[in-house]
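User: Please take one short helix and go over it closely, then follow its surroundings outward to the pockets and the odd backbone spots. I work at the bench, so plain words are welcome.

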Amino acid sequence: MKKLFISILALFFISLVSTYFVGEMVQTEFEKQVIQSQNKQTQVQLISYEKSLLTAHARIKIRIPVEGQGVQYIVIDSDIRHYPYKAIANSKIKLLDSHQAQKLTQYFKTDQWLFSTEELNLLGNVTGKVTLVAGAFNNQVESLNSAPLFFNYQYDLKDDSGSFDIDWAGFSGAIYDEKFATDNIAISATFSQVKDTDLFNYQYQMHLAQFNFQRAEQQLHLKSVRLEGKSEIGQQQQTVNTVSDWRIKELKNGKEIFTDNHIKLLLSGLNVAALQDLKSSLERPHLIKQQLGHVLSLGGKVTLQTLRSNTPWGEVNADLELNIQRGTGLTEVMDNPLALIDYSNGELNVSLPEKLAQQPNVGGFIQMGMASGILKQQDQQLTLTSSLDRGELKVNGQVVPM
């Protein structure tokens, strides 16, 4: 009996200590995430964090600049419960601007239109779910209806890796004579941080069942859109390789139907530091041209593995492989694109349907290509086979003077 009492007391003590430790871990992680969320556009402030042994309450205010509306403030209230092995946080989100908050309440028919549940365990695993409820708005000139959106995520605090998925049945609406609608949007991704850097490897998938847009006699319809891709940092953390594989089963533009559309693009050996500088320059447009030229000057490989479409006039196919060598002269390539020729080698192959030459938008260019011998007729197709090797360009087996 005494041993049983001691065992129960020991378990009770361990549970108390473990619960206390969970509470401390949650508060530390909460404060850490607030600090890491700061950037030039968004400011995050931890207003309060009140904690007891079994519960806690946190309040966060987020400052977000909105174009045309000045600054908006969002407040997140989180009720947290501590357990011996995990903590669960239920959060509710609201706008401080009463006018905008009222508009959202009218659209979603509730003031609890966005809420989340998150769980953190002793192993440092975070799982959560964010829900955006359905909404509807209609008046004489416009309407918008949106289905519930679910965002699920998982994150490992130990190795900074995780995954997320978004499930949205879609939305529809109209503005005057324009109508639009989407059905079944699904997005999933995995990511992992490269050790001792702020770089990430990632992989993503997106599927859109269909999209419709209609205005007067114009109509655009997309069916079964699949976007897949990945990005991996090289072992020396100096280069990055990316793959983009995009497919559209059917694209209908008015009466013209394009099927089995597919593009697969590979970028490899691009300099990581130069790409980060290019990303930073997006906030300073006057530097974009210079930074893009710097990326090219450090070399890389561009492979258009697949470009295919069954068009109303026949099948279109193309592929490209281009190796860009390192060269200081390429920093000026944005001002003089021909500078790229002296530092590149590769191949380009194109196959176009002969009927495309009769289309008014592109027919003139295609007929010029046929007249100059750049495009060669073969089995009702127009083909181009070309190669470039550091200044020497061959088209359909003939050297083209540069």
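Analyst: Helix α2 spans residues 98-108, and its buried residues are Gln 100, Tyr 107 and Phe 108 (buried is under 20% relative accessible area, exposed over 50%, partly exposed in between, with a 1.4 Å probe and protein chains only; helices are DSSP runs of H or I with at least four residues, strands runs of E with at least two, numbered from the N terminus). These three sit on the same side of α2 because they cover an arc of only 85 degrees around the axis, taken from the directions from the helix axis to the C-beta atoms. An α-helix has 3.6 residues a turn, so residues three or four places apart point the same way. On the other side of α2, Ser 98 and Gln 106 are exposed.

A word on the source: this is a predicted model, in which local features need pLDDT of at least 70 and side-chain atom pairs count only at pLDDT 80 or more, while totals for chains, interfaces and linings use all residues. Residues are numbered from 1 along each chain as its sequence is written, and side-chain values use heavy atoms, with hydrogens and water left out.

Now to the cover and the ends. Among the elements over the buried residues of α2 are β3, β4, β6, β7 (135-138) and β8 (142-146), where contact means heavy atoms within 4.5 Å. At the N-terminal end, Asp 97 acts as a cap, with a side-chain oxygen 3.0 Å from the backbone nitrogen of His 99. Just past α2, Lys 109 has a positive phi of about 65 degrees.

Moving outward, the largest pocket holds about 1,000 Å³ of space (on a 1 Å grid over the protein atoms alone, a pocket is an open set of points where a 1.4 Å probe fits, with protein on both sides within 12 Å along at least five of seven lines, and lining residues have an atom within 4 Å of a point; the volume is the space filled by probe spheres set on the points). Its lining counts 34 residues, and those closest to the centre are Phe 30, Gln 33, Ser 37, Glu 118 and Tyr 153. Elements that each give two or more residues to this lining include α1 (2-36), β3 (70-82), β4 (86-95) and β6 (125-132). Three of these names are familiar, as β3, β4 and β6 also help cover the buried residues of α2.

The second largest pocket has about 630 Å³ of space. Of its 18 lining residues, Asp 198, Leu 199, Leu 275, Gln 276 and Lys 279 lie nearest the centre. Two or more lining residues come from each of β12 (200-215), β13 (218-233), β14 (239-253) and α3 (272-281), and α3 gives the most, with five.

In the loop between β13 and β14 sits Gln 237, which is partly exposed at 34% relative accessible area. Leaving aside neighbours within four places in sequence, Gln 237 is in contact with Val 194, Lys 195, Thr 197 and Val 272.

Back to the backbone: most residues other than glycine have a negative phi. Besides Lys 109, with its positive phi, there is Tyr 176, at about 55 degrees, in the loop between β10 and β11 (178-193). Tyr 176 is exposed, at 66%. Ser 224 has a positive phi of about 55 degrees too, but lies in strand β13 and is partly exposed, at 22%.

Key. A polar contact is a pair of N or O atoms within 3.5 Å; within protein, one must be able to donate a hydrogen and the other to accept it, and residues adjacent in sequence count only if both atoms are side-chain atoms.
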